[in-house]
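Q: Please take a close look at the nonpolar interior of this model, and at the aromatic contact and the cysteines that go with it. I would like one connected account.

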Amino acid sequence: MSLAAQILDLARQKGVTVATAESCTGGMIAAALTDPPGASEMFDRGFVTYSNAAKIAMLGVRAETLETHGAVSEPVAREMAEGARQASDADLAVSVTGVAGPGGTEAKPEGMVCFGVAGPAGTRTETVRFGPLGRDGVRAATRDHALTLLLGALSGPA
């Protein structure tokens, strides 16, 4: 059973809805979540906020956060996840912002991705350095890790 199908099953059981806030994946997480039949029972909406302006306008990410930490940072991932949850009817939101490549910097190299998961119990963030897997590889690894984080959030206490 795919990760998305497992998420759908658990979300149905718990009566939970999900939203996504994506930058470097450009909607790949939302696409994966809507692949299984019946996804409309748990998927509320997805936000593709590739630019900083979109992060600010659609998710309420603060300009000061972007200026201080940069778009690829846990504080921005936190605000993206919380903003997606607030701007939707979802109980749970996952966010991703990262450097898919090619390129990057020494401080923020290709493959560095920040994740956020916001739910009723609060928000968690983490950074994963997938390494220089190439653009497609980083985006696929990011999608899969975000789905794993959602599954973990749903598997926890109700």
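A: What follows goes through the interior part by part, beginning with its main core.

The model is a predicted one, and every value given here was computed from it. The largest nonpolar core has 28 residues, and those with the most contacts inside it are Ile7, Ile29, Leu33, Met42, Phe115, Leu150 and Leu154. Two or more residues are given to this core by each of helix 1 (3-14), helix 2 (28-33), strand 3 (92-98), strand 4 and helix 6, and the largest share, seven residues, comes from helix 6. Apart from this core lies another, of eleven residues, which has Phe47, Leu59, Leu66 and Val76 among them.

Helix 1 has twelve residues and reaches 16 Å from its first C-alpha to its last, close to the 16 Å expected at 1.5 Å a residue. Within helix 1, the residues Ala4, Ala5, Ile7, Leu8, Leu10 and Ala11 are buried, and what covers the buried residues of this helix includes helix 2 and helix 6. Just after helix 1, Gly15 takes a positive phi of about 65°.

Ile29, one of the residues with the most contacts inside the largest core, is in contact with Thr20, Glu22, Val94, Val96, Arg143, Ala146 and Leu147, once its neighbours within four places in sequence are left aside.

Phe115, also listed among the residues with the most contacts in that core, is buried, with a relative accessible area of 1%. A search of the whole structure finds one aromatic pair. The rings of Phe115 and Phe130 have their centres 6.3 Å apart, and because their planes stand at 80°, where over 60 degrees counts as edge-to-face, the pair is edge-to-face. Since Phe115 lies in strand 4 (residues 112-119) while Phe130 lies in the loop between strand 5 (122-129) and helix 6 (135-155), the pair ties together parts that are 15 residues apart in sequence.

The cysteines complete the account, although the structure holds zero disulfides. Cys24 is in no disulfide, and the nearest cysteine sulfur, that of Cys114, is 9.2 Å away. Seen from the other side, the sulfur of Cys114 has its closest cysteine sulfur in Cys24, and that distance of 9.2 Å is too far for a bond, because a disulfide requires the sulfur atoms to lie within 2.5 Å. Cys24 counts as buried at 3% relative accessibility, and Cys114 counts as buried at 0%.

Notes: Residues are numbered from 1 along each chain as its sequence is written. This is a predicted model: local features need pLDDT of at least 70, side-chain atom pairs count only at pLDDT 80 or more; totals for chains, interfaces and linings use all residues. Side-chain values use heavy atoms; hydrogens and water are left out. Rings of Phe, Tyr and Trp (its six-membered ring) pair if their centres lie within 6.5 Å; planes under 30 degrees apart count as stacked, over 60 as edge-to-face and the rest as tilted. Helices (H or I, at least four residues) and strands (E, at least two) are DSSP runs, numbered from the N terminus. Buried means under 20% relative accessible area, exposed over 50%, partly exposed in between (1.4 Å probe, protein chains only). A nonpolar core is a set of buried Ala, Val, Leu, Ile, Met, Phe, Trp, Tyr and Cys residues joined through side-chain atoms within 4.5 Å. Contact means heavy atoms within 4.5 Å. The expected span of a helix is 1.5 Å times one less than its number of residues.
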